[in-house]
Amino acid sequence: MPTSTVKSRDKVPFVQKAAFGAGHLVNNLFPGALGVFSFFLLTAFGMDPLYAGILGGLPRIYDAIIDPIIGHLSDNTVSKWGRRRPFIFVGAILSGLFFIVLWQLDPADTQLFNFWYFLIFSLVFLTGNALFATPLIGLGYEMTSDYKERTRLMGFSQTIGQIAWMIVPWFWVIIADPSIFKTQAEGVHKLSIIVGAICILLGVLPAIFCREMDQTNLEIKKQHNKKIFTELLSLFKSIGQISKNKSFMKLCAATFLVFNGFQMVASFSYFIIVFYLFKGDYGMAGTWPAWFSTISAVFTAFLIIPIITWMSSKFGKKNAFVISTILSIIGYGLKWWGFSPGNPWLMLIPVPLIAFGLGGLFTLMMSMTADVCDLDELENGMPRKEGTFGAIYWWMVKLGQGIALVLAGWVLESIGFDASKAIQSTETITNLRLFDIFIPIVTAAIAIWVMWDYNLSEEKAREIKDQLVARRGEL
């Protein structure tokens, strides 16, 4: 393994790391809060479950379409403020404001009015969020060209981002607590204002403090009067080039498997806590589900991600991914013994090992995607496509997440689970626990197989970097 020190030009200052991390906190806080608040469409605003399902699905389709377009636009933008920062600044403000507007529903309005209100402002909010999030991801890929510094940057940003997942589980408790808010609707109204304001304040920080790659030798040879059709052709050409990048496709496939194996059973732990550990008594279960999620995020942020960053530096990114994924497989297996009705505290034993799965996944995959962007520049030339790469990567994540949620519902139905019943059959609970363990184990094992021959090593990445520096005429 080659060793080298980080050149001063490639080292990301702490202030920039912190600002980029703040952006990732926002990037997690929005979808986390959106997921919790959406539950209260049913209970606080009386939305029909069918309408609520449509409101959850249609905006996701729009989101998947707009992300690559925004990524492509930011890749090809020329301004004195850079390619990414103007999008991030405007997007942070718009998404924060429209998140607040989105949740000012009135329970007294008709269901049809609230349906259209929520649908329209969901699309407006997601447009602002895409303007913020997609260029932010692209910005991270270009903040440093050093192989190891990329992992340190992504690790630091993921640590800060995990704070969102420490907070979000408690939104359930706060909104539903009558001693805090008179009604759930009031809780949604006021908490959305707090979340939106925080996201605006934190979201503009990357645009103010982070610095993009020096554009002096990265001239984007574009005609500013190109027509929309020509731009679309350029976008499809970029997507075609990216789809032929085998290294990137492996990263997407591995992410799809690990993340969505986890997502498919994410709600199962909640049901197991309530219906297995506490026999369907929500009062007895209390805040245990929230603590389980929060403690998982704490372990991930302050223990697992630093260990993974060290492993990456010591053993290489691919090997760090394989090791961390194997550890998560062991953690999932331990859940069989960890979930014990006699001692709820045992559920926390598998948490640190399970946390290696997602903690390693996004820290390493985002770092490796930055390496892949260099490979793409070497093979396909300018402009660099960090924004488009980021959009496609997260499009795969969102697509898989949607599929995972559908499959999770199918699994629950097939095993006869009924949340309206306090007592589930022994067979149902046993099958629920088995699926909770074996689905993420199987998907993680397949992901290891996919990544086994990934060959963009540190040595190869440095060779690519040297060729790019020579080609650009940089010193």
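**Salt bridges, helices and a greasy patch: a quick Q&A**

In this predicted model, the side chains of Lys385 and Asp376 come together in a salt bridge, 2.8 Å from N to O.

Reader: Is that Lys385 buried or exposed, and at what relative accessibility?
Author: The cut-off for buried is under 20% relative accessible area. Its partner Asp376 counts as buried at 1%. Lys385 falls under the cut-off too, so it is buried, at 5%.

Reader: How many salt bridges does a search of the whole structure find?
Author: Several of the residues involved are linked in a network, among them Arg83, Glu142, Asp371 and Arg384. The search covers the whole structure, and the count comes to 19.

Reader: Lys17 and Glu149 also meet in a salt bridge; how many residues apart in sequence are the parts that the pair ties together?
Author: The N to O distance for this pair is 3.4 Å. Lys17 sits in helix α1 and Glu149 in helix α5, so the parts they tie together are apart in sequence by 132 residues.

Reader: Which residue forms a salt bridge with Glu142, and where is that partner?
Author: The closest N and O atoms of the pair are 3.1 Å apart, and the partner is Arg83. Glu142 is in helix α4, and the two are 59 residues apart. Both are buried. So much for the pair; as for the place, Arg83 is in the loop between α2 and α3.

Reader: How are α15 and α16 oriented to each other?
Author: Their axes are 10 Å apart and the packing angle is about 140°. Roughly antiparallel would need an angle over 145 degrees. α15 passes α16 in a right-handed crossing. The two helices are therefore oblique.

Reader: Which helices each supply at least two residues of the nonpolar patch?
Author: The patch covers about 1,100 Å² of surface, and its residues include Trp336, Trp337, Phe438 and Trp449. One of its members is Leu334, found in helix α14 and partly exposed at 31% relative accessible area. The helices you're after are α14 and α17.

Reader: What is the phi of Lys279, and why look at it?
Author: Most residues other than glycine have a negative phi, so a positive one is worth a look. Lys279 is in the loop between α11 and α12, and at 51% relative accessibility it counts as exposed. It is not a glycine, yet its phi is positive, at about 55°.

Definitions and conventions:
Residues numbered from 1 in each chain as written. Predicted model: local features only at pLDDT ≥ 70, side-chain atom pairs only at ≥ 80, totals over all residues. Heavy atoms only, no water. Patch = residues over 30% accessible without salt bridge, like charges linked within 9 Å, V, L, I, M, F, W, Y side chains within 5 Å. Areas by Shrake-Rupley, 256 points an atom, 1.4 Å probe, with all protein chains shown as cover. Salt bridge = Lys/Arg side-chain N within 4 Å of Asp/Glu carboxyl O. Helix = DSSP H or I, 4+ residues; strand = E, 2+ residues; numbered from the N terminus. Buried < 20%, exposed > 50% of the residue type's maximum accessible area, 1.4 Å probe, protein only. Axes fitted to C-alpha atoms, helices over the stretch in contact; angles between N-to-C directions. Parallel < 35°, antiparallel > 145°, perpendicular 65-115°, else oblique. Left-handed = near helix turned anticlockwise from the far one by under 90°.
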